[in-house]
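Subject: Structure handover and what turned up in it

Hi there,

Here is the structure I promised to pass on. Have a look at the sequence and the model first, and then read on for my notes.

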Amino acid sequence: MAIESSCDDTSAAVLKNDVLLSNVTASQAVHEAYGGVVPELASRAHQQNIVPVVDQALKRAGIEKEQLSAVAFTRGPGLLGSLLVGVSFAKGFARSLGIPLIDVNHLQGHVLAHFIKENEEDDHQPQFPYLCLLVSGGNSQIVKVNAYNDMEILGQTIDDAAGEAIDKCSKVMGLGYPGGPIIDKLARQGNPDAYAFAKPHIPGYDYSFSGLKTSFLYSLRDWLKDDPDFIEHHKEDLAASLEKTIVDILMDKLKKAVKDTGIQQVAVAGGVSANTGLRNAYQDYARRYKWKIFIPKFSYTTDNAAMIGITGYFKYQDKDFCPIEAPAFARL
Ligand code: KG4
């Protein structure tokens, strides 16, 4: 049994070895009205959701809780109040069943999501080493994955994450929350070359998205002076141009990392990997540069317990268990 509650999704999954039997997620609509996740409301919603979600995961897997052999849980990073709900539940559940506890790093879960099997025959999995672009609301990293338990961060954002930048620009445009899926939908009907926004010049494999966000904000402010309805008239082109700029920034550094390391197996993970423009760019680079690419199913891109379960499975094999007193951690 795996439990994930790091942000605003309460999720539970059951795996038999590396094969997924169930993956149940309750998302929290309550935050939409606030344009972002409200930590206190998230914790309360997790408390309401955790028991029914775990119950559903057991039912859908067709097993009784007494058949479980371990409980894996997200220990961090994330919102502390949210984490505490999952961590406390996992501890009580494991203790009551007399089975081991396995703590999982949420980011490692995203990177290993590619190993989730939906059936025994499922074998589209990366070989080690592979590179993984991890892009979510809180992180933008290029990770070199040497083994299940051996990962190196080659580069990461020095300010905002890619998802955060998309969400903030979407907010500036007065669109809903989270902005990612809305921008994605609008971008499909727009011209990606309509507008140019600032791109960062950062050495190495690190990213920066705060300059782009400011450039987007200032450009809009100028255009709105001439046409107060500018956003309404041009939202598709704005979304498409913003998406293209972000995808270009992400892919430029990734391409450099592939070239320098010589590793041609390239994965993508995290909430922003649901983005159509980014997925298309991966397909395009695979064709052009002979990359072997790994793109997760949509259900494994945003926060989910299946990825915590697969990471827990690998740790279970190493008997890498966690003491009951291990606290949650908000930051790495
Ligand atoms: O991994 P995730 O669910 O949460 C964490 O940050 O851990 O990622 C959420 C981020 C949000 O910023 C959301 O706007 C973005 O993923 N996102 C997308 C899309 N779907 C979700 N961004 C672009 N296009 C999408 N289709």
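First, a definition for the part on empty space: on a 1 Å grid over the protein atoms alone, a cavity is a set of points where a 1.4 Å probe fits but cannot get out, and a pocket is an open set with protein on both sides within 12 Å along at least five of seven lines; a lining residue has an atom within 4 Å of a point. Grid points are joined across faces, edges and corners, and a volume is the space filled by probe spheres set on the points.

This is a predicted model, in which local features need pLDDT of at least 70 and side-chain atom pairs count only at pLDDT 80 or more, while totals for chains, interfaces and linings use all residues. Residues are numbered from 1 along each chain as its sequence is written, and side-chain values use heavy atoms, with hydrogens and water left out.

**Overall picture**

The protein has 9 helices and 10 strands; these are DSSP runs numbered from the N terminus (helices are H or I with at least four residues, strands are E with at least two). Its radius of gyration is 20 Å, which agrees with the value near 20 Å for a compact globule of 332 residues. That radius is taken over C-alpha atoms, and the globule rule is 2.2 Å times the number of residues to the power 0.38. Along the principal axes, the C-alpha atoms fill a box of roughly 65 × 45 × 30 Å.

**The sheet with strand 1**

Strands 3-2-1-4-5, in that order, form an open sheet of 5 strands with mixed pairing; two strands pair if DSSP finds at least two bridges between them. Strand 3 (19–27) and strand 5 (101–105) are the edges, each pairing on one side only. On average, neighbouring strands here are turned by 20° against each other, direction ignored. Strand 1 (residues 2–4) runs parallel to strand 4 (residues 71–76), joined by 2 bridges, and isoleucine 3 stands opposite phenylalanine 73 in strand 4.

Helix 1 (residues 39–61) lies across strand 1, strand 2 and strand 3, at about 25° to strand 2. Contact means heavy atoms within 4.5 Å. Axes are lines fitted to C-alpha atoms, for helices over the stretch in contact, and angles run from 0 to 180 degrees between N-to-C directions.

Two backbone details belong to this region. Asparagine 17 has a positive phi near 55° although it is not glycine, and it lies in the loop between strand 2 and strand 3. The peptide bond from glycine 76 to proline 77 is cis, with omega near -10°; proline 77 is in the loop between strand 4 and helix 2 (80–97).

**The sheet with strand 6**

Another open sheet of 5 strands has the order 8-7-6-9-10, again with mixed pairing. Its edges are strand 8 (150–156) and strand 10 (292–294), each pairing on one side only, and the twist averages 25° from one strand to the next. Strand 6 (residues 130–135) pairs with strand 9 (residues 265–269) in the parallel sense over 4 bridges, where leucine 133 stands opposite valine 268. Strand 7 and strand 8 are antiparallel over 6 bridges and form a hairpin with 2 residues between them; alanine 147 has aspartate 150 as its bridge partner.

Helix 7 (residues 230–261) lies across strands 6, 7, 8 and 9, at about 165° to strand 6. Helix 8 (residues 276–289) lies across strands 6, 9 and 10, at about 180° to strand 9. A second cis peptide bond joins phenylalanine 128 and proline 129, with omega about -5°; proline 129 sits in the loop between helix 3 (106–112) and strand 6.

**Empty space**

How many cavities of 30 Å³ or more are there? The count comes to 1, and about 50 Å³ of space lies in the largest cavity. Helix 7 gives the largest share of its lining, 4 residues. By class, the lining has 7 nonpolar, 1 polar and 1 charged residues (Ala, Val, Leu, Ile, Met, Phe, Trp, Tyr, Cys and Pro count as nonpolar, Asp, Glu, Lys and Arg as charged, and the others, Gly among them, as polar).

The second largest pocket has a volume of about 410 Å³. Of its 19 lining residues, the closest to the centre are Met1, Leu15, Lys16, Asn17 and Ser69.

Best wishes
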